Amino acid sequence: MSPEVAALGAGIALTVAAQLLLRSGASRGASFLSSFLNPRTAVGYGLFLLTTVLNVFAMRVLDLKTVTAWAALTYVLTPMAAAALLGEEVSRRTVAGSTLVAAGIVVFSLGS
Amino acid sequence: MSDATTQRGGGLAVAAAVAAAVGARAGASIFAKTAALSAVGGGMLTALISPWYLAALACLFGQSVFWVLALRRLPLNVAYPFLALSIPINLTVAHVVFNEAIDGWHLLGGACIVAGVALCRPPRATTAPEQTREPST
C-alpha cells in the first residue's frame, strides 16, 4: 500500500469520527455559538483539518475523482456509526438511500 | 405567524444550511486539488502555503458554520448523505476544470448517488433539535 493510499484510508476513518463529534457537540448547545464552541465540535473540526492535509498528500498522486469516490464510503459508514454510537434511529428510507449511494460509489469506481 | 409558517421557515433555513455546507465542501476539494497540482515537483510545504490551500481552508470554515447549523436540527444519519451531492459537483469540475476523463460509469454512479440522496431526504416533521446519547468511544 502506498503512503498516499494509506493517507486516504486514514482520512476516511477520521472523517467519520469527526462527524460523530460534530453531531454530539451541535446537539448540546442551547445557542448556535455554544454549539459551535463546544469542545466536541472543536475536536471534530481539528480532525477535519488533519483530514485536509491527508487528502492533499493523497491527491499529489491520486485523481480528484478517485479520492472523492473513495471518501464517499463515509456516507455509508457515518449513518451506521451514528446509529451504533449516538443511538440515532435510522429509517428505511435512509437505509435504502445509503445503499443506493454505496451502489453509486461502486459504479463510479468502475470508471476509468 | 402560524405554526405551519414557522415550521416551513425553519425547514427552509435547514435546507439552506445543508445546501451551503455542500457547496463549501465541494469548493474545498476543488481548491485542495488545485493546491496539490501547484505543488507537483515541490514538497508538501509548497502545497500547504499555497493560496489555494488557504482557499480550501476558508471553504472548510464556511462548511463548519453551516454544518453545525444543520446538525442542530437534523440527526447525523439524515443530514450526512446530503454531503454526497458534492461528488457529482466535483465530477463535473474535475472534467471541466482539471480535464480529468469521465465516462458512462462515472455518470451512472453520480446519478445513483443523487437518487440515493433524494431517498434520504428528511421527514417534514424533523425540525427540532434532537438529543443524542454519549458516544461510547
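Biologist: Why is Thr41(A) called buried?

Modeller: This is a predicted model, and in it Thr41(A) has a relative accessible area of 0%. Buried means under 20%, so Thr41(A) is called buried. The residue belongs to helix H3 of chain A.

Biologist: Which residues is Thr41(A) in contact with, leaving aside its neighbours within four places in sequence?

Modeller: Among them are Leu21(A), Leu22(A), Phe36(A) and, from chain B, Val68(B).

Biologist: What makes Val53(A) partly exposed?

Modeller: Val53(A) has a relative accessibility of 28%. Partly exposed lies between the limits of 20% and 50%, so the term applies to Val53(A). Val53(A) is also in helix H3 of chain A, which covers residues 39-59. Beyond four places in sequence, Val53(A) is in contact with Met44(B) and Tyr53(B).

Biologist: Why is Glu88(A) said to form a salt bridge with Arg23(A)?

Modeller: The closest N and O atoms of the two residues are 3.4 Å apart. The cut-off is 4 Å between a side-chain nitrogen of Lys or Arg and a carboxyl oxygen of Asp or Glu, so the pair qualifies. Over all chains, the count by this rule is 1 salt bridge.

Biologist: What does the salt bridge of Glu88(A) and Arg23(A) tie together?

Modeller: Glu88(A) is in the loop between helix H5 (74-86) and helix H6 (92-109) of chain A, while Arg23(A) is in helix H1 (residues 3-26) of chain A, so the pair ties together parts that are 65 residues apart in sequence.

Biologist: Are Glu88(A) and Arg23(A) buried or exposed?

Modeller: Glu88(A) has a relative accessibility of 8%, and Arg23(A) has a relative accessible area of 0%. Both values are under 20%, so each residue counts as buried.

Biologist: How many disulfides are there over all chains?

Modeller: The count is 0. Cys112(B) serves as an example: the nearest cysteine sulfur, that of Cys120(B), is 13 Å away. A disulfide needs sulfur atoms within 2.5 Å, so Cys112(B) is in no disulfide.

Biologist: How do you know that the span of H6(B) agrees with what is expected?

Modeller: At 1.5 Å a residue, the 16 residues of H6(B) should span 22 Å. The end C-alpha atoms of H6(B) are 23 Å apart, which agrees. As for H6(A), its 18 residues reach 26 Å from first C-alpha to last, close to the expected 26 Å.

Biologist: What makes the buried residues of H6(B) line one face of the helix?

Modeller: The buried residues in H6(B) include His106(B), Gly109(B), Cys112(B) and Ile113(B). Seen down the axis of H6(B), its buried residues fall within an arc of 160°, so they line one face of the helix. They pack against helix H4 (64-71) and H6 of chain A, together with H5 of chain B.

Biologist: What do the buried residues of H6(A) pack against?

Modeller: They pack against H4 and H5 of chain A, together with helix H4 (76-79), H5 and H6 of chain B. Among these buried residues of H6(A) are Thr94(A), Gly97(A), Val101(A) and Phe108(A).

Biologist: Why is Asn99(B) called exposed?

Modeller: The relative accessible area of Asn99(B) is 66%. Exposed means over 50%, so Asn99(B) is called exposed. Asn99(B) is placed in the loop between helix H5 (86-96) and helix H6 (104-119) of chain B. Its phi is near 55°, a positive value in a residue other than glycine. Most residues other than glycine have a negative phi.

Methods:
Residues are numbered from 1 along each chain as its sequence is written. Chains are lettered from A and ligands numbered from 1 in the order in which they are written. This is a predicted model: local features need pLDDT of at least 70, side-chain atom pairs count only at pLDDT 80 or more; totals for chains, interfaces and linings use all residues. Side-chain values use heavy atoms; hydrogens and water are left out. Helices (H or I, at least four residues) and strands (E, at least two) are DSSP runs, numbered from the N terminus. Buried means under 20% relative accessible area, exposed over 50%, partly exposed in between (1.4 Å probe, protein chains only). Contact means heavy atoms within 4.5 Å. The expected span of a helix is 1.5 Å times one less than its number of residues. The arc is that of the directions from the helix axis to the C-beta atoms.
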